[in-house]
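Below are some numbered remarks for a colleague on the structure that follows. They move from one side-chain pair outwards to the strands around it and then to the chain as a whole.

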Amino acid sequence: MFAVVRTGGKQYRVAAGDKIVVEKIDGEAGSSVTLGDVLLAGEGSDLQSTDGLTVAAEIVAQAKGEKVIVFKKRRRHNYRRRNGHRQNHTILKIVSIGAAEKKAPKKAAAKKTDEAGAEAPAAEA
């Protein structure tokens, strides 16, 4: 099964077991992240609905990309500027593609009981 996910303003085609390099995502190596912006999913040439579909990934490492040299020059004005930049990246290993886990909502304590087991009177507003 494959999926096309969007993260960091870019789109990636992923399958279980793939390693991809994306823009920096907060987290330590070994922690898991969930990519919820799934644009397309399918198996072979068959496409599936992406409603509630997420991609589970594990952070392999936080790294920096290749150095990019930024050089500015204006002719005949004795103007030269040299600057470098290394972009931060996150290396992800795709663990699985599947439905999002639904968490049960926390139930508010509707009825409070005292130590004797009798119901406490409701507060009036």
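1. Glu23 and Lys10 form a salt bridge through their side chains, with an N to O distance of 2.9 Å. The two residues come from distant parts of the chain, 13 residues apart: Glu23 belongs to strand β3 (residues 19-23) and Lys10 to strand β2. Lys10 is partly exposed, because its relative accessible area of 40% falls between the limits of 20% for buried and 50% for exposed. The model is a predicted one, and this applies to every point in this note.

2. How many salt bridges does a search of the whole structure find? The search returns two. Besides the pair of Glu23 and Lys10, there is a salt bridge between the side chains of Asp37 and Arg6, again given as 2.9 Å from N to O. Asp37 sits in the loop between β4 (32-35) and β5, while Arg6 is part of strand β1, so this salt bridge ties together parts of the chain that lie 31 residues apart in sequence. Asp37 is partly exposed at a relative accessible area of 33%, and Arg6 is also partly exposed, at 39%.

3. Strand β1 deserves a paragraph of its own. Of the six residues in β1 (residues 2-7), five are buried, so the strand is largely enclosed by the rest of the structure. Arg6, as noted, is partly exposed.

4. Which way do β1 and β2 run relative to each other, parallel or antiparallel? They run antiparallel, and six bridges join β1 to β2 (residues 10-15). Within this pairing, Thr7 faces Lys10 of β2, the residue that also takes part in the salt bridge with Glu23. Val4 faces Arg13 of β2. The two strands make a hairpin with two residues between them, and in the turn Gly8 has a positive phi of about 65 degrees.

5. β1 also pairs with β5: the two run antiparallel and are joined by four bridges. Here the partner of Val4 is Leu40, a residue of β5 (residues 38-43). Val4 thus has a partner in β5 as well as Arg13 opposite in β2.

6. Leu40 is partly exposed, with a relative accessible area of 32%. Together with Leu39 and Leu47, Leu40 forms a nonpolar patch on the surface, and the three residues have about 250 Å² of accessible area together. Leu40 can be in such a patch because the cut-off for membership is a relative accessible area over 30%, and its own value is 32%.

7. Thr90 offers a contrast in exposure. The residue lies in strand β8 (residues 79-99) and is buried, with a relative accessible area of 0%. The side chain of Thr90 makes a polar contact of 2.7 Å with the side chain of Gln62. Leaving aside residues up to four places away in sequence, Thr90 touches Ile20, Val21, Val22, Glu23, Lys24, Ile25, Ile59, Ala61 and Gln62. Glu23 in that list is the salt-bridge partner of Lys10.

8. Is Glu66 buried or exposed? Glu66 counts as exposed, at 71% relative accessibility. The residue is in strand β7 (residues 53-74). Once residues up to four places away in sequence are set aside, Glu66 touches His85 and Arg86. The C-alpha atom of Glu66 is 7.5 Å from that of Gln87, which is 21 residues away along the chain.

9. Finally, the chain as a whole. The protein chain has eight strands and zero helices, and its pattern along the sequence is β-β-β-β-β-β-β-β. Of its 125 residues, 21% are buried. Among contacts with a separation of 6 or more, 63% are between residues 24 or more positions apart. The chain exposes about 10,000 Å², of which carbon and sulfur atoms supply 47%.

Notes
Residues numbered from 1 in each chain as written. Predicted model: local features only at pLDDT ≥ 70, side-chain atom pairs only at ≥ 80, totals over all residues. Heavy atoms only, no water. Patch = residues over 30% accessible without salt bridge, like charges linked within 9 Å, V, L, I, M, F, W, Y side chains within 5 Å. Areas by Shrake-Rupley, 256 points an atom, 1.4 Å probe, with all protein chains shown as cover. Salt bridge = Lys/Arg side-chain N within 4 Å of Asp/Glu carboxyl O. Buried < 20%, exposed > 50% of the residue type's maximum accessible area, 1.4 Å probe, protein only. Pairing = 2+ DSSP bridges. Contact = heavy atoms within 4.5 Å. Polar contact = N/O pair within 3.5 Å; in protein donor to acceptor, adjacent residues only side chain to side chain.
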